[in-house]
Amino acid sequence: MIILNQHLPADTYRAANRKAVDINRIIIHHSGGGIGGLLSTLNQRKLSYHYVILPSGKVWELVSVRHVAWHAGNANGDSIGIAFVGNFEYSEPTEMAYQAGLDLIAELEMTDRPIIGHREVSATVCPGMVDLDKLRHPKMATFAPWAERAWLWGISGGVTDGKRPNDPLTRQEAMVMLYRLWQMVLNLNKQ
Ligand SMILES: [Zn+2]
């Protein structure tokens, strides 16, 4: 994918030397308005996002991910900020924009990072109706609510190692899990 550099002035973010391991989460925003005037507004208010995604699917890098952008208050330090350009209080971004978001997160090699909305860390409605699930890659660790308790039980009992929750099971893996379960039952009977 093509990412256009539109870097903001250096006084709209904190220069840093973060590595990939320093980034624990991806925070999603909507810009609230169109691209016209967005960069000058950010500049005036001393705010920044790392990336903005336009309705056409174009992606602009405003701040390098190694720097700390000012987009989510106390959550800035260990996060990156990605904003969908537009006001999505009552509508959703285009499919092209969602696809660009998926591609961008893959390009950054951050598909294993939790993706959260701005509203989860600040008192705001941002990012409105942006559907975070559409930005999550199929291989990401997502849990059906009805499966979560069983999954956690399996980890605490040593039946599963807790990895790759969404992957299919081989016959070999199924047998290992049954064996571990059987060992667990034997141990319970000894107590
Ligand atoms: Zn926001």
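## Close-up views

**View A. Y51 touches V59, W60, E61, L62, I82 and L104, leaving aside residues up to four places away in sequence.** Touching, or contact, means here that the C-beta atoms of two residues, placed from the backbone, lie within 7 Å. Please keep in mind that this is a predicted model, in which local features need pLDDT of at least 70, side-chain atom pairs count only at pLDDT 80 or more, and totals for chains, interfaces and linings use all residues. Numbering starts from 1 along each chain as its sequence is written. Y51 also belongs to the largest nonpolar core, which has 33 residues: together with V52, I53 and I82, Y51 touches the most other members. A nonpolar core is a set of buried Ala, Val, Leu, Ile, Met, Phe, Trp, Tyr and Cys residues joined through C-beta atoms within 7 Å. A residue counts as buried if 20 or more other C-beta atoms lie within 10 Å of its own, as exposed if 12 or fewer do, and as partly exposed in between, again with C-beta atoms placed from the backbone. Two or more residues of this core come from each of β3, α1 (38–45), β4, β5, β6 (68–69), β7 and α2. These elements are DSSP runs numbered from the N terminus: helices are H or I over at least four residues, and strands are E over at least two.

**View B. Six strands form an open sheet in the order β1-β5-β4-β7-β3-β8, with mixed pairing.** At its edges are β1 (3–5) and β8 (115–117), each of which pairs on one side only. On average, neighbouring strands of the sheet are turned by 30° against each other, direction ignored. Two strands count as paired if DSSP finds at least two bridges between them. Helix α2 (residues 95–107) lies across β3, β4 (51–53), β5 (59–61) and β7 (79–84), and runs at about 150° to β4. For such angles, axes are lines fitted to C-alpha atoms, for helices over the stretch in contact, and values run from 0 to 180 degrees between N-to-C directions.

**View C. Strand β7 is covered on both faces.** S79, G81 and A83 are buried on one side, and I80, I82 and F84 are buried on the other. Six of the six residues of β7 are buried, so this strand is largely enclosed by the rest of the structure. Follow its pairing in two directions: β4 joins β7 through three bridges, running parallel, and β3 pairs with β7 in the parallel sense over six bridges. On the β4 side, V52 stands opposite A83; on the β3 side, I28 stands opposite I82.

**View D. I26 is found in strand β3.** Five of the six residues of β3 are buried, which leaves the strand mostly covered. I26 is buried because 24 other C-beta atoms lie within 10 Å. In β7, I26 stands opposite I80, while in β8 its bridge partner is I115. The contacts of I26 are S79, I80, I82, I105, M110, R113 and I115, not counting residues up to four places away in sequence. Look along β3 (residues 25–30) and you will find three bridges to β8, which runs parallel to it; one of the bridge partners in β8 is G117, matched with I28.

**View E. A144 sits in the loop between β8 and α3 (145–156).** A144 is exposed because just 10 other C-beta atoms lie within 10 Å. The C-alpha atoms of A144 and N166 are 9.9 Å apart, with the two positions 22 residues apart along the chain. For I26 and L4, also 22 residues apart along the chain, the C-alpha separation is 20 Å.

**View F. The whole chain puts these close-ups in context.** The domain assignment gives domain 1 (3–135) and domain 2 (145–190), with bounds from an automatic or database assignment. Their centres, taken over C-alpha atoms, are 38 Å apart. The chain has four helices and eight strands, which run β-β-β-α-β-β-β-β-α-β-α-α from the N terminus on. Its C-alpha atoms fill a box of roughly 70 × 35 × 30 Å along the principal axes. The radius of gyration is 21 Å, whereas a compact globule of 191 residues would have one near 16 Å; this radius is taken over C-alpha atoms, and the globule rule is 2.2 Å times the number of residues to the power 0.38. Of the 191 residues, 28% count as buried.
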